[in-house]
Amino acid sequence: MDRFDLAIIGAGPAGMAAAREAADHGLRVVLLDEQARAGGQIYRDVDRVTGLRGDILGADYTDGARLTARLRAEGVRHIIGAVVWAIEEGFRLSYTREGRGAQLAADRVLLATGALERPMPLPGWTLPGVMTAGAGQILLKQSGLLARRAVLVGSGPLLYLIAAQMVRAGVPPLAMVETQTRADMARAMRHLGGAVRGWSYLAKGIGLLAEITRARVPRYRAATGIAIDGEGRAEAVRFTSRGRAQRIACDTVLLHHGVVPNTQAARSLGVTHRWRADQACFAPVLDTWGGADVPGVFIAGDGGGIGGAKAAEHAGRLAALRIAECAGRLTEADRDRRAVPLRSALSRELAARPFLDTAYPPVAEALSPADATIICRCEEVAAGTIRGHAKLGCLGPNQAKAFGRAGMGPCQGRYCGLTVTALLAEANGRSPDETGYYRIRPPLKPVTLGELAAMEDTAPDSAEQERAT
Amino acid sequence: MDTDYAIIGGGVVGLSVAWGLLSRGRTVTVLDGDDGSFRASRGNFGLVWVQSKGMNQPRYARWSQRSAAIWAGFAEELAANTGQAVPLEQKGGYDLHFSEETLHATVEKYETLKAQLDGDYPFEVLGHNALRKEEPHIGPKVVGAILHHQDGHANPLKLLQALAADVRRMGGRVLTGKTVTAVTKPDAFRITCADGTTLGAGRVILSAGLGAAQLGPSMGFKAPIRPQRGQVLITEKLPKLINRPSLIARQVDEGGIQIGATNEEVGHDDRVTQPGLSGLAAEAIAAYPALARAQLVRSWGALRVLSPDGLPIYQESAEMPGAFLVTCHSGITLAAAHARLLPDWLEGTEAAPDLEVFSESRFAVS
Amino acid sequence: MNPALPFLELEAAPRVPVIFDGTALELPEGANLAAALLAAGVGVFRQTPVSGAPRAPFCMMGACFDCLVEIDGVVRQACMVEVTVGLEIRKPHGGDLGPV
C-alpha cells in the first residue's frame with residue numbers, strides 16, 4: 001500500500017491550494033477527487049472552458065485555472081475519478097476508481113470536501129425539472145447548458161450570479177422568486193460596517209443586480225407558500241408575494257437558499273461538530289489551522305464552515321503550513337510568518353459573510369416544512385412522519401432513521417439530515433446540538449459488493465490502477 | 001410509588017416485556033436512553049430464528065421454538081393496535097454450506113438435538129440442485145443447505161416502532177434520554193437517573209442490554225454480559241433475488257439485501273472496517289454471485305449482548321427481591337415470548353414458564 | 001438547436017450513438033452523461049423503488065443519487081459518468097423495480 005505524508009480529499013480551491021503548499025514544503029501529497037478534472041464544484045472543468053462559456057461565467061470562475069495550473073507542477077499525485085468511501089484509523093483510505101477498489105495510507109488527512117446545497121424541501125421539489133441552483137451552475141460550467149424556461153427560487157447571492165449568467169447567455173430566467181424580506185435587509189444593515197472590508201463582494205452583487213434589472217427579469221420578493229406544480233415533471237411555481245397569489249409556468253426550477261458544509265467524511269471519522277446559528281448548519285470544531293479534534297485530521301474550505309472559494313484557498317494553505325510543521329518540514333516560526341498574510345486575506349474574505357447571511361436567510365418554510373412535504377428524497381419520508389417519530393420518543397435522527405428510514409437511502413442523509421435534525425429539535429424542544437445528527441459510516445458513497453470483495457485479504461496494489469495527472 | 005414496574009431499557013426486550021405487563025393491567029414506566037446509546041434493537045439482523053440455537057441446551061431451542069410459534073399472532077396484534085404492519089415471513093430459513101464436511105457435521109448435531117426435542121425439529125437437507133430450485137440465484141460454490149421450517153425473518157425496526165407506539169397507546173410511560181445511575185430498595189424501589197429524575201417502583205426489570213453489565217452488580221446480579229461486534233451490510237433495493245433468509249443474507253421487505261455478520265470481540269467499538277465489509281461481501285457473493293454488481297449503500301456495526309454461553313438470562317435478584325434481570329442476544333426471535341409468556345414468570349402465576357436453566361446459577365464459578 | 005428542448009447548448013460537439021431505455025440517441029462524446037441526456041430531452045431518468053415517482057438529475061454533483069441509471073448491470077449516478085460510444089443505458093434494474 002502506498003504511503004503518503006498527506007492525503008487530501010477534494011480538488012476544489014482548498015484542496016488544490018493545500019496540495020501545492022504542502023508539496024512545496026517537501027511533503028509527499030496525494031490528492032483524491034471524484035471528478036475527472038480538478039476544480040471542485042466552484043471551478044468545475046475550468047481547464048476546458050474557453051470562449052463564450054468563459055465570458056458568461058466571468059472572471060471569478062476562470063481565475064480557478066490559476067490553481068489547477070499550479071497543481072500540475074511537481075510533487076502532487078492527483079488521483080482523478082477516485083471515490084473515497086472509507087477513511088479508517090492510521091490513516092487507511094479505501095476508494096473506487098474505474099470500477100476497482102484501491103487503498104492508500106497517509107500520516108495525515110485534509111478533508112476539503114466543500115459544500116452541499118442546503119436541503120430545500122418544498123412541495124414538489126422531487127419532480128423532474130427541479131434542480132439546485134448549483135446544478136444549474138454545473139450544467140453551464142461543465143456542459144455549456146442553460147435552462148431556457150427557468151424560474152429561480154429562494155434566497156442568496158448565488159441566485160443573482162446564475163440569473164446574470166443566464167442573461168448574458170440570452171436565456172434570462174422567467175422570474176426570480178425570492179424569499180428574503182425588507183426586515184432581513186434591515187437586520188443585515190448592522191453588519192454593513194464589517195462588510196465594508198469585504199466590499200468587493202457587495203460591489204459584485206450590485207453589478208449582478210443591475211444586469212438582472214436591465215434584462216427586466218421579474219423579481220418577486222418576500223415570497224411565501226412556495227410550491228412546484230406538475231404532473232410527472234415541474235410545470236409551474238406557485239407562491240404568494242406581497243399578498244398576491246402567483247403562478248409562473250416553466251420547464252425548470254432552480255432552488256437555492258445557501259450552501260452548508262459537506263460533513264460526511266469528517267463525521268465518519270468522529271470529528272466533533274457544533275451547530276452554527278449564524279449559518280444555520282453544523283460545522284466541525286476546528287483550531288485556527290483547520291485541525292479537528294481527531295489527531296491528524298484537518299479540514300479546510302467550505303467543509304469547515306461556509307466562506308467561499310477564496311477563503312477556502314487561504315484556509316487550505318494555512319492547514320498545509322500546520323501539517324508541514326507537524327511533519328517537521330517547517331519551524332513554528334516559519335509557519336507563523338507565512339501564515340500572517342494568509343490570515344489577513346482570510347479575514348477579509350469572511351468580512352461580508354455576516355451581512356450576506358443575515359440579508360439572505362434560509363427559507364423558513366423549507367426549514368420547517370409542512371407535514372405532507374417529502375423531506376427524505378431517497379426513501380420518500382414526509383415531514384409529518386418525522387414529527388410523529390418525535391411523539392414516539394425519538395430524541396435524535398438515528399432513532400428516527402430506524403423508525404422511518406429517513407437517511408437510509410443512497411444519498412445517506414446528505415439532503416435530509418439537517419431537516420430531520422431541525423424537525424426533531426423543534427418537536428422535542430431541544431437544541432440542534434442536543435438533537436444531534438446521523439451517525440455517518442462507510443461507505444461514504446455506495447460501492448459494489450464485487451469491488452469490496454475483491455479487496456479481501458490482499459490489499460490491492462493501488463499503483464497499477466492510478467492514472468496520475 | 002409511581003409505577004408497578006419500572007423497566008430500565010427501552011429496546012425491543014424492554015418494550016416487549018412492558019407490552020406484556022401492560023396487557024395484564026400493570027402500570028409500567030420505561031426508562032430509555034438517548035439517540036447515541038448502543039442499541040442492538042436497531043442494529044440486529046432481523047431473523048426470527050430457531051435452527052442452531054440451543055445445540056447444547058435443548059430448553060433454549062424449545063424456548064426459541066415457542067416464541068417463533070406465537071410470533072405471527074403477536075405481530076398481528078401489534079399491527080391491529082397501531083395500524084402499522086410488522087412484516088414477518090416464516091416459510092423457513094437456510095444454513096448454507098460451502099463444504100460437504102461442514103454440512104454433514106451440522107446435520108449430525110441437528111439430529112441429536114431433534115431426538116432431545118422428541119422429534120419436533122423440522123429440517124431437511126437440500127443438495128445443490130434441490131437448493132437451486134428454491135433459490136435460482138444460488139452460486140455454484142454452495143454445496144447445499146439445511147432448510148429449517150420453523151425459521152423466518154421480520155422487519156425488526158417496524159417491530160421496535162410498533163412496540164414504542166403500542167406501549168404508549170396502552171398507557172405505558174416512556175421516559176427518554178435517561179441514564180439510570182442507581183437502583184436502591186430502602187422499602188419500595190427507588191431509581192435515580194443522571195439528570196436527577198427519580199422514580200419509585202414496586203418492581204424493576206433490568207433490560208438495558210450492555211448497560212446491565214454496569215448496573216447489574218449493584219442490584220445483586222452477576223450480569224456477566226459482554227459486547228460482541230457484528231458488522232452488517234445492506235445493498236440498494238433490488239428486484240426479488242433471495243427467497244428465504246439465511247445467516248449470510250436475506251432480502252428485506254423494502255427490497256435491499258442485508259448481509260451479515262461478523263463476530264468480533266472488540267469491546268465497545270461499534271465501527272465498521274474495510275476488512276470486515278470485504279469479508280462479508282465475498283461470502284455473500286459466493287452464496288449469490290449476482291450480488292457482485294449490487295451497490296452497498298449502508299453498513300453498520302452493532303454490539304451483540306452476549307452471556308458466556310450465549311443463552312438468555314432471566315434472574316430475580318436475591319439481594320433485591322422484585323428486581324429482575326432480563327437479557328438475551330436474540331431479542332427479535334424472543335420478542336413474542338417476552339411479551340406473551342415472560343409476564344407469567346415475572347408475576348409468578350400458575351402459567352409461569354420454567355426458566356430455571358436461564359438463571360444466573362449456571363455462572364456459579366464467576 | 002431545437003428551441004423546444006428545455007436546455008440551450010452553447011457549443012456543438014461531435015456526437016456518438018448511445019441507447020437510453022431502448023431509444024437510440026446521439027450524445028456529445030466525453031460529455032457528462034446526465035447533462036447530455038437532459039440536453040437530449042430525456043425528462044425522466046428513473047422511477048423510485050418506494051413509490052414509483054419519476055426522478056431526474058437534481059444536484060449534478062454526485063450527492064443526491066436521483067440521476068441513477070444502470071450501465072453494464074451496475075446502477076450508477078449518470079452525473080458521474082462520461083458519454084462514450086455505444087453506451088447502453090437502462091433504467092435501474094431495467095425499470096422493473098416497482099414499489100415493493
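**View 1. Strand β9 of chain A meets strand β1 of chain C.** In this close-up, β9(A) pairs with β1(C), residues 7–9, in the antiparallel sense, and three bridges hold the register. Look for A147(A), which stands opposite F7(C) in β1(C). Please keep in mind, here and in the views that follow, that the model is predicted.

**View 2. The interface of chain A and chain C.** Stepping back from the strand pair, we find 48 residues of chain A in contact with 37 residues of chain C. About 3,400 Å² is buried between chain A and chain C, and 60% of that area lies on carbon and sulfur atoms. On the side of chain A, the residues that lose the most area to chain C are L145(A), R148(A) and E380(A), which together make up 19% of what that side buries.

**View 3. Polar and charged links between chain A and chain C.** Three salt bridges are counted between chain A and chain C. One to pick out joins the side chains of R37(A) and E82(C), with 3.3 Å from N to O. Residue pairs in polar contact between chain A and chain C number 16, counting pairs with both residues at pLDDT 80 or more. Which elements of chain A each supply at least two residues of the side that touches chain C? They are α2 (51–57), β7 (115–117), β8 (130–132), α5 (133–143), β9 (145–147) and β16 (252–256). With six residues, α5(A) gives the most to this side of chain A. Sorted by character, the residues of the side of chain A that touches chain C are 24 nonpolar, 10 polar and 14 charged.

**View 4. The interface of chain B and chain C.** Here nine residues of chain B are in contact with 10 residues of chain C. Chain B and chain C bury about 740 Å² between them, with 61% of it on carbon and sulfur atoms. Three residues are good landmarks: K237(B), P239(B) and R293(B) supply 59% of the area that chain B buries against chain C, more than any other three residues. How many salt bridges does the rule find across the interface of chain B and chain C? The number is zero, while three residue pairs are found in polar contact, both residues being at pLDDT 80 or more. The side of chain B that touches chain C is made up of two nonpolar, two polar and five charged residues.

**View 5. An open sheet in chain A.** Five strands of chain A form an open sheet with parallel pairing, in the order β8-β16-β10-β11-β12. At the edges sit β8 and β12 (219–220) of chain A, each of which pairs on one side only. Within the sheet, β10(A), residues 150–154, runs parallel to β16(A), and five bridges join the two strands. To find your place in this pairing, look for V153(A), which stands opposite L255(A) in β16(A).

**View 6. An aromatic pair in chain B.** A search of the whole structure, over all chains, finds 18 aromatic pairs. The one in this close-up is Y110(B) with Y121(B): the ring centres are 5.6 Å apart and the planes lie at 85°, so the pair is edge-to-face. This pair links distant parts of the chain, 11 residues apart. Y110(B) belongs to helix α3 (residues 100–116) of chain B, whereas Y121(B) lies in the loop between α3 and β6 (123–127) of chain B.

Notes
Residues are numbered from 1 along each chain as its sequence is written. Chains are lettered from A and ligands numbered from 1 in the order in which they are written. This is a predicted model: local features need pLDDT of at least 70, side-chain atom pairs count only at pLDDT 80 or more; totals for chains, interfaces and linings use all residues. Side-chain values use heavy atoms; hydrogens and water are left out. Contact means heavy atoms within 4.5 Å. Buried area is the accessible area (1.4 Å probe) that two parts lose on being put together, summed over both. A salt bridge is a side-chain nitrogen of Lys or Arg within 4 Å of a carboxyl oxygen of Asp or Glu. A polar contact is a pair of N or O atoms within 3.5 Å; within protein, one must be able to donate a hydrogen and the other to accept it, and residues adjacent in sequence count only if both atoms are side-chain atoms. Helices (H or I, at least four residues) and strands (E, at least two) are DSSP runs, numbered from the N terminus. Ala, Val, Leu, Ile, Met, Phe, Trp, Tyr, Cys and Pro count as nonpolar, Asp, Glu, Lys and Arg as charged, and the others, Gly among them, as polar. Two strands pair if DSSP finds at least two bridges between them. Rings of Phe, Tyr and Trp (its six-membered ring) pair if their centres lie within 6.5 Å; planes under 30 degrees apart count as stacked, over 60 as edge-to-face and the rest as tilted.
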